[in-house]
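Work through the exercises below with the sequence and the model side by side. Try each task before you read its solution.

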Amino acid sequence: MKTLILAVAIRIFIPLFVIFSVYILFRGHNHPGGGFIGGLICAIAFIFHIMAHGPKDTAYTFFTIKYFRKAHQTGRSSVSSVLVLVYKNLFRKKELQAAPDWLPRQWRVDPIFIISCGLFLAATSGVFGLFLQQPYMSALWADMYLPVFGKPGTPILFDLGVYLLVLGVVLKITFVMAEE
Amino acid sequence: MLIIILAGLFLAFSAPLLYKWLGKYVYVPMALYPLAAFVYFSSYLTDVLGGQTIFAIHRWAPSLNINLHFYLDGLSLFFVLLVTGFGTLIMTYAGGYLKGDPLLGRFYMYLTLFMVAMTGVVLSGNIFCLFVFWEMTSLSSYLLIGYKHDKAGSRNSALQALLVTGGGGLALMGGLLLLGAVGQTYTISDLLNRGDLVTSHELYLPLMVLILIGAFTKSAQFPFHFWLPNAMAAPTPVSAYLHSATMVKAGIYLLARFTPVLGGTDAWQYTLMAVGGITTLLGALLAMQHTDLKAILAYTTISALGILVTMTGIGSEPALQAMLVFLLAHALYKGTLFLVAGNVDHATGTRELDQLRGLGRSMVPTGVAASLAALSMAGVLPFFGFIGKELLYEAALAATTFKALLFAVSFFSGMVFVAIAIVLGFKLFWQASSRPTPMLHTMSPALYLPPVIISSVGLLFGLFPAALVTPILRRAAEAMLGVEQLFELALWHGFNLVLGISMLTLLLGYGAYRYSNRLHTYAPRLNPLYKLGPQRIYELGLEGLLNGATKLTQKLQNGYLRSYIFIIISTFMVLVVWVLAQTGPVLDLSGRWQEIRNARLYELVLIVLLVPALLFLFRTRSRLTAIAILGMVGYSIALFYILFGAPDVAATQLLIETLTVVIFVLILHKLPEFRFLSSRIQKVKYMIVAGLFGCLMTYVTLLVKQYPLVSGLKAYYGENSYLQGYGRNMVNVILVDFRSLDTLGETTVLAVAAIGIYAMLKLKLDNEH
Amino acid sequence: MEILLPILVGILFASGLYLILHRHFFKLILGIIIFGLATNLFLFVIGRLTRGNTAIIDDDVTIASEPFADPVPQALLLTAIVIGFGIQAFAIVLIKRVYQAFGTNDLDDLDKTDKIHEELLSEGNTQKYDQQD
Amino acid sequence: MQHILLVLPLLIPLYGAIACLFFWRKLGVQRVIGVVTQLSLCAASAYLLYKTDTTGILTTQIGNWQAPFGITLVSDIFSSLMVLSSAIVGIAVFVFSLRGLSNARQLFGYYPLLLLLQMGVNGVCLTGDLFNLFVWFEVLLICCFVLIALGGSKPQLEGSIKYVTINFLASSFLLTGIGMVYGILGSLNMAELAVLVRSAEANHGLITLASIFFLVAFGIKAAIFPLFFWLPASYHTPPIGISAFIAGLITKVGLYALVRLFTLVFVLNQDILLPIFLVLSGLTMVIGVLGAASQVDFRKILSFHIVSQIGYMLMGLAIFTPMAIAGSIYFVIHNILVKTCLFLISGVVYRTYGSFALKKLGGVYLQQPLLSLLFVIAAFSLAGIPPFSGFWGKFMLAKGGLEAGNYGLVATSLGVSLITIFSMTKIWNEVFWKKKPAPTEEAARVIAEANTAHIGVLRLLHLPVVVLIVCILFIGLYAEPLVNLALRASEQLLNTESYVNAVLHK
């Protein structure tokens, strides 16, 4: 399967697939689609990549956050150093590459992390209702309408959670199996 | 009264700790408790003797009408004094008998527990309160019999006792439940007034039989007697206390207690007389054949219990009076003799008659106690046993039915008792012997004082019956008969028929003693007979149960998944067909042909394609083909979903199918080759089951679809999806809003599956070869 | 069609069960999947069929008008399919692991844990690893 | 307030599990999360029971959709009792696992799985919707699948294959049953179904037919004869930390569903259904106890006993009087506690003596007096000897049975309890009383390890057993509160109007 053309094609298609899957996710409320289908489509894109390039490569390309980190200085609170870390990495990445005391680091995002994020999002989207003395999962809707996105509300958040979870689950399964 | 009980429980459970602190002096607090209880209950003597009954009710489980209801009348007081009085002495005795035993703490725990339970049994005023304590006696007896737990014999005996008395307990429970239902109350004092209601009820017979089974197992009546001799595996204090003086009398107590409720009918009388009579004879016969001290005592106990049951069965005033007197007399002399046997065993290390002789010189107090008790047992004049025996004969002679038979039974047993009394009281200790059995230990006061005390009490009661025992016995008899009793006990009745019979008994008893040695040579010849006895039946039953259970379990739980599934599916089909046959609407097939003709062409094509694909799946040898076919089947079904207006489902099905195929492909090379393992017959069998199952499901589907469906949900979702859920895709709105909890659960399933697959592939604790 | 689909359901159930009853691992897993398909189709069919019309409210109206497909069975079906997928995926991997661990593909070889006396599985095997603190 | 109260038993474990997943590789953090979650779950469940007991049936309409259209969570006394006892058992098993389960297993998601399993159980108990019931059952089942296979040792794998296949079939039957109910009645809300079933137009034959699907589905999950085969094949295979929880709880959840549905919805044609229950319950008792009597392994005896005791619980349903159903309820709660406790004791024994096989064990009586005492209490509770807890359940069942005239079944149940005593004393005999035979190599190693282990470890293993025994003694010696609750719970179950009113007309 590791032909060059296929590999390149997959590389191009992946962003398309991801965008398409997000589109499916958000149109799901009004047309066929939704979080589950969207998540699966997104995951299938990565599956192709895994099959073409192997799980290590996929994990390195898409699920590894590369960042720079400064050795911990004494006398500085950890909160502020984390804040600096985030700020510098987000907005001053170019500078860091040149800076000698900032060392490149990698953080591999385990799909389990995506799963738990998805589950958390789905579960939490229902909690807001509880604070308003309403039952769990009571839908709250913003009074506006966005193109593509539709009407924003907690059910959409829920669907997003499902999307993330499905993505994480399928990725986890295929990663493990492909590594075998 | 509750405080006494609770204090006992508390003390019981702290016994091991006390033993840790006090060492060998642990017996002090343990003996003080029964003494305190004895004194406490004695304080009620005046009230009870004055004709009062004392109540104490504590809420326990009022919803079920089961309360801690204590009820103290003459009968209860009689028994409770017996239990606690004996308890004091036994507790002291046990301290000496088991000195230095590391498990003494636990022993005291069980023994105290038993004493509390026994107190509870005789004090209970609620039948289920009684039952609870009743079972507690079985339980503590189990633990006590198995006290020498490293011996297999002890363990088996304990189990036997538990199973027999426990089984009886369950029968009793059933009986009491029926009794409660029939008498409409669980309170004994209320039941006592409803005897007529109970005996005339149609359930009287079963409930009586069940209660009798409970009492008989506890009191070792034929055919449940066999556990008692085996229970002698327990340490001697236990045998003396539980298995002669108190626990086995619980059954008698029960019979006595329920005499006003259940008694008086022919069924009751004849059952008790028959069972009691057989037990008396059997016990006496077997007692003569044994040479082990404790076995002899056990069988005479059985015999005595038989007499008690018989007397209860006769039910007349003199009989019940005789029963009470004999019960007391028996407790006194048999308790002593057991303790004596314990002392002998302790001192010489053996209990075999043949090896014991000339003990009197080295253990004088024990010997004296033995002689006193033996005299009482033999029914010699100034002893309490004499009064008991006299009354027995009188009662038997005064019986209205089976007079001769009853008399013969009591006479025979009296004779045997005399013979055995001579052995125990005279031969062992005082018969001149050139080579007395050597002593291993010397006796401590804790060992010889209790038997001496008990046996002297027997003498004392015999000398002054009117002052010491009559008042309480009178009240006890009153509780059984329901009318004021005026009987007087006296040692001397003058020269009458009964006295003559007593003399004759002594004489013949002596003769039996002379010939008992010969009996021992004949005894082994009877052994084949015992193979048919209840003991054997018990053993066979247990063995058969185990074998049968093992065979059945191996047959059912055979380890073959396919047979499990086969059974499950068959059960399902049988149940469905059964219900259909019973209630089932019948499928209406008219017009179905028209429906087939209505089908669109592409639908038909899909189905026509699916069937051969499935057939091919059964026959293929290639795993890849199989997966391809599976994918195809999945996709075709997705097409059906599209055709019938379910695009979301179809899309999901398509994606899932793809994913499944991908998973298969990923692990395909690790999967086994296809092989055909099942035999042809198996295949045919499975094909039939599978075919039937498929037909059944089709039938069910068609049957349900035959009726119109009115779904409020569909209409509601159609109206509100957009207006309230702000979505046009109803399915999606249902998933994320109307029924979002389902989706939350569904996502959880997926997450867990992912974790599971991960753990399964990564965590391999077994080293694979 | 009202009669064809129920027949298809029956066929699927029958073939699923038939495969499950086989002794081979792979057939077992195929059987489980087909049985799952049959169950899903059953759920779909028994919730009544509406040909063609989906359960989506048209853009120009706010209330769905008949005839439209019943969305309830579809929603249930979606959930059921997904749950079924989770379980089937787990089952596939389980089968693979069993094959790896036992080196057999015959289900009849897996009858040790049910036996009263476990001969081949050295006892304590399960727990061997639970002794650390 | 009740909105929060009813979802707490679901959300607390869910959030606990999510938090554990975030700290996937950090065992210490997971344990802390576990402690907090278990304790708060227990508190929430206890408060839920208190509230339900004092104010009557509580409901919340998830998503704020009116009853038949959304999903309702309902808590009556029976369900909140189940939730509370599962929480108690959860704590016990959790504490045991801290030291009783290998770190490798703990690292591979044991804690989140345990929590999600609890969530599934609570979901089943609290939901008032048929399909939602299915979903929670699947949550619970997949957690069981994974837990039983967790570690992948050979016996575990063998057990899981059977467990997974047969329970998959059960789920399929459940799903088809739900499909049928929707296809017949057009609703999924159990309260509304209760109303529809009792209406004049209800098609009795079809509804009874549908009920068979549920009977088989939950019958498999509850391990009723002849559907129980998966249980003895699998329950003894995983480590005790896992099997104690699953064995203690899961079959009872199946039984809970059976009781719920057959008192609320499937009440038609009882002249056909009740005899079926009667036969099944009698056979289940007998076959289960015979299986137990024949076994020679500590855990297997306990496993087969589960089957037997399910028969008792089913007996209440077969008799169908308030007293009998109360007996079943009491029995369920009692059995959850006792069974878990016995499994944990077997774990402690294994931990110190290195075996489960009766013939290799012995002498515990002398070496561990406390454990022996605990075992005696638990064993005799299980056997139903008064005044321990099993007696009360047995008493209520027998009383209900006799009042209803089911003499045969009552006699069977009493006879079975005698064999139960027998097989419990078998364990006591072999493991505690008997002299210890010379240890095998494996056992010697384990014992050596156990002896070197810190004494605190053993204490920690004893702790959950002691806690459970205290609960068992409480419901046995002071039975009134639970008996009373059970009686009122069964009244609530049989008086469906209160349930229907609470769900539909609030």
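Three exercises follow, on a helix pair, a pocket and some backbone features.

This is a predicted model, in which local features need pLDDT of at least 70, side-chain atom pairs count only at pLDDT 80 or more, and totals for chains, interfaces and linings use all residues. Residues are numbered from 1 along each chain as its sequence is written, chains are lettered from A and ligands numbered from 1 in the order in which they are written, and side-chain values use heavy atoms, with hydrogens and water left out.

**Exercise 1. Describe how H13(D) and H16(D) pack.**

Step 1. Find helix H13 (residues 322-353) and helix H16 (residues 389-404), both in chain D. Helices are DSSP runs of H or I with at least four residues, numbered from the N terminus.

Step 2. Take the geometry: the angle is about 160° and the axes lie 8 Å apart. Axes are lines fitted to C-alpha atoms over the stretch in contact, and angles run from 0 to 180 degrees between N-to-C directions.

Step 3. Name the arrangement. H13(D) and H16(D) are therefore roughly antiparallel, a term for angles over 145 degrees.

Step 4. List the contacts (heavy atoms within 4.5 Å). From H13(D) they include Tyr330(D), Phe331(D) and His334(D); from H16(D) they include Trp392(D), Met396(D) and Leu397(D). By class, this contact has nine nonpolar, seven polar and three charged residues. Ala, Val, Leu, Ile, Met, Phe, Trp, Tyr, Cys and Pro count as nonpolar, Asp, Glu, Lys and Arg as charged, and the others, Gly among them, as polar.

**Exercise 2. Which helices supply at least two residues each to the lining of the largest pocket?**

Step 1. Chain B supplies H1 (2-22), H5 (104-123) and H6 (127-145). Chain D adds H15 (369-383) and H19 (455-477).

Step 2. Pick the top contributor: H1(B) gives the most, with ten residues.

Step 3. Sort the lining by class. It divides into 33 nonpolar, three polar and two charged residues.

**Exercise 3. Where do the cis peptide bonds and the positive phi of Gln133(A) sit?**

Step 1. Recall the background. Most residues other than glycine have a negative phi, and most peptide bonds are trans.

Step 2. In chain B, a cis bond joins Phe222(B) and Pro223(B), with omega about 0°. Pro223(B) lies in the loop between H10 (204-218) and H11 (227-230).

Step 3. In chain D, the bond from Phe225(D) to Pro226(D) is cis, with omega near 0°. Pro226(D) sits in the loop between H8 (204-222) and H9 (230-234).

Step 4. Gln133(A) is not a glycine, yet its phi is positive, about 65°. Look for Gln133(A) in the loop between H7 (127-131) and H8 (154-179) of chain A.

Definitions and conventions: Parallel < 35°, antiparallel > 145°, perpendicular 65-115°, else oblique.
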